Amino acid sequence: MPRLEGQAFFNTIAGLAVSFAGFGAVIAWLRDDPSGWDPVNLWRVKTIIRHALSIAFLCLAMVPIHTY
């Protein structure tokens with residue numbers, strides 16, 4: 001099976017993206033009052049997690065696409 005030359009790059013970006021998603025979860029976990037989210041802060045945390053997981057999925061999807 002041929003190895004993708006940029007596979008390490010894609011895996012690194014995916015790992016960083018998952019770390020950002022975990023950072024969003026830590027932000028949510030460390031809130032004093034978890035029931036008191038205002039709409040702007042809730043949107044910000046959801047956007048961080050959504051973008052991070054999307055980037056991770058796209059980077060990991062590139063490996064099999066470019067391998068074959």
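1. Contact here means heavy atoms within 4.5 Å. By that rule, and leaving aside neighbours within four places in sequence, alanine 17 is in contact with Ala52, Ile55 and Ala56. The model is predicted, and every point below should be read with that in mind.

2. The overall make-up is simple to state. The protein chain has two helices and zero strands. Helix H1 covers 7-29, and helix H2 covers residues 39-67. Of the contacts between residues at least 6 apart in sequence, 81% join residues at least 24 apart.

3. Next, burial and surface. The chain has 68 residues, and 21% of them are buried. Its accessible surface is about 5,200 Å². Carbon and sulfur atoms account for 70% of that surface.

4. Which residues form the largest nonpolar core? There are six: Phe10, Ala14, Ala17, Ala56, Cys59 and Val63. Helices H1 and H2 are the elements that each give two or more residues to this core. In soluble globular proteins, nonpolar side chains tend to be buried together. Two of the core members, Ala17 and Ala56, come up again in the contact list that opens this note.

5. Valine 45 deserves its own entry. This residue is in helix H2. Is valine 45 buried or exposed? Valine 45 counts as buried because its relative accessibility is 11%, and the cut-off for buried is under 20%. Leaving aside neighbours within four places in sequence, valine 45 is in contact with Gly24, Ile27 and Trp37. For isoleucine 27, the C-alpha to C-alpha distance to valine 45 is 7.7 Å, with their positions 18 residues apart in sequence counted as the separation.

6. Threonine 47 is also placed in helix H2. With 12% relative accessibility, threonine 47 counts as buried. What does its side chain reach? The side chain of threonine 47 reaches the backbone oxygen of tryptophan 43, at 2.7 Å.

7. Tryptophan 37 has a charged partner. The charged end of arginine 31 sits over the ring of tryptophan 37, 4.2 Å from the ring centre. Tryptophan 37 is also one of the contacts of valine 45. As for aromatic pairs, how many does a search of the whole structure find? The search finds one.

8. Arginine 44 lies in helix H2. Its relative accessible area is 48%, so arginine 44 is partly exposed. Its C-alpha atom is 9.1 Å from that of glycine 24. These two residues are 20 apart along the chain. Glycine 24 is also among the contacts of valine 45.

9. Histidine 51 lies in helix H2. At 49% relative accessibility, histidine 51 counts as partly exposed; exposed would need over 50%. Histidine 51 and alanine 21 are 30 residues apart in sequence. In space, their C-alpha atoms are 8.3 Å apart.

10. Methionine 62 lies in helix H2. Methionine 62 is partly exposed, because its relative accessible area is 31%. Where does glutamine 7 sit relative to methionine 62? The two are 55 residues apart in sequence, yet 8.4 Å apart in space, C-alpha to C-alpha.

11. To sum up: two helices and zero strands, with a largest nonpolar core of six residues to which H1 and H2 each give two or more. In helix H2, valine 45 and threonine 47 count as buried. Arginine 44, histidine 51 and methionine 62 are partly exposed.

Terms used. Residues numbered from 1 in each chain as written. Predicted model: local features only at pLDDT ≥ 70, side-chain atom pairs only at ≥ 80, totals over all residues. Heavy atoms only, no water. Helix = DSSP H or I, 4+ residues; strand = E, 2+ residues; numbered from the N terminus. Buried < 20%, exposed > 50% of the residue type's maximum accessible area, 1.4 Å probe, protein only. Areas by Shrake-Rupley, 256 points an atom, 1.4 Å probe, with all protein chains shown as cover. Polar contact = N/O pair within 3.5 Å; in protein donor to acceptor, adjacent residues only side chain to side chain. Core = buried A, V, L, I, M, F, W, Y, C linked by side-chain atoms within 4.5 Å. Phe/Tyr/Trp six-rings, centres within 6.5 Å; stacked < 30°, edge-to-face > 60°. Lys NZ or Arg CZ within 6 Å of the ring centre and 35° of its normal.
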